[in-house]
Amino acid sequence: MAEGTLRVKGMSCQHCRMAVEKALKGLPGVTVATVDLYAGKAQVTYDPAKVTLEDMKKAVEEAGYEVDLE
C-alpha cells in the first residue's frame with residue numbers, strides 16, 4: 001500500500017468534502033480517502049498496482065474540483 005496527498009481547490013462546504021471522498025473511494029485500489037475541507041487536502045491510502053495518483057486526480061476533476069499533486 002502507498003499513501004499520497006492531493007491538494008484540492010474549489011471545496012467550500014461539507015457536501016464538497018463528501019463529493020471528493022466519494023470520487024476517490026469509488027476508484028478500485030483506494031482503501032482510505034480522508035478529505036480535510038479547511039486544509040484543502042485529501043490523504044489517500046491506495047494500492048499502486050491498481051490505481052495511480054493521476055487516476056485520482058482525474059476522478060476528483062471529473063467531480064468538479066481542481067487538483068494539484070503533492
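Is E61 buried or exposed, or somewhere in between? Keep that in mind while we walk through the fold. One caution up front: this is a predicted model.

Start with the sheet. There are four strands, and the sheet is open. The order reads β2-β3-β1-β4, with antiparallel pairing. At the edges sit β2, residues 30-36, and β4, residues 66-69. Each of those two pairs on one side only. From one strand to the next, the twist averages 25 degrees.

Now look at β1 and β4. Strand β1 covers residues 2-9. Four bridges connect β1 with β4, and the two run antiparallel. Want one pair to find on screen? Take L6: its bridge partner in β4 is L69.

Next, the helices. Helix α1 spans residues 14-25 and lies across β1, β2 and β3. That third strand, β3, is residues 41-46. Against β2, helix α1 runs at about 165 degrees. Helix α2 takes in residues 53-62. It lies across β1, β2, β3 and β4. Its angle to β4 is about 165 degrees.

Back to E61. This residue belongs to helix α2. So what is its exposure? E61 is partly exposed, because its relative accessible area is 40%, and that class lies between the 20% limit for buried and the 50% limit for exposed.

One last distance. Along the chain, E61 and V20 are 41 residues apart. In the model, their C-alpha atoms are separated by 9.1 Å.

Conventions:
Residues numbered from 1 in each chain as written. Predicted model: local features only at pLDDT ≥ 70, side-chain atom pairs only at ≥ 80, totals over all residues. Heavy atoms only, no water. Pairing = 2+ DSSP bridges. Axes fitted to C-alpha atoms, helices over the stretch in contact; angles between N-to-C directions. Contact = heavy atoms within 4.5 Å. Buried < 20%, exposed > 50% of the residue type's maximum accessible area, 1.4 Å probe, protein only.
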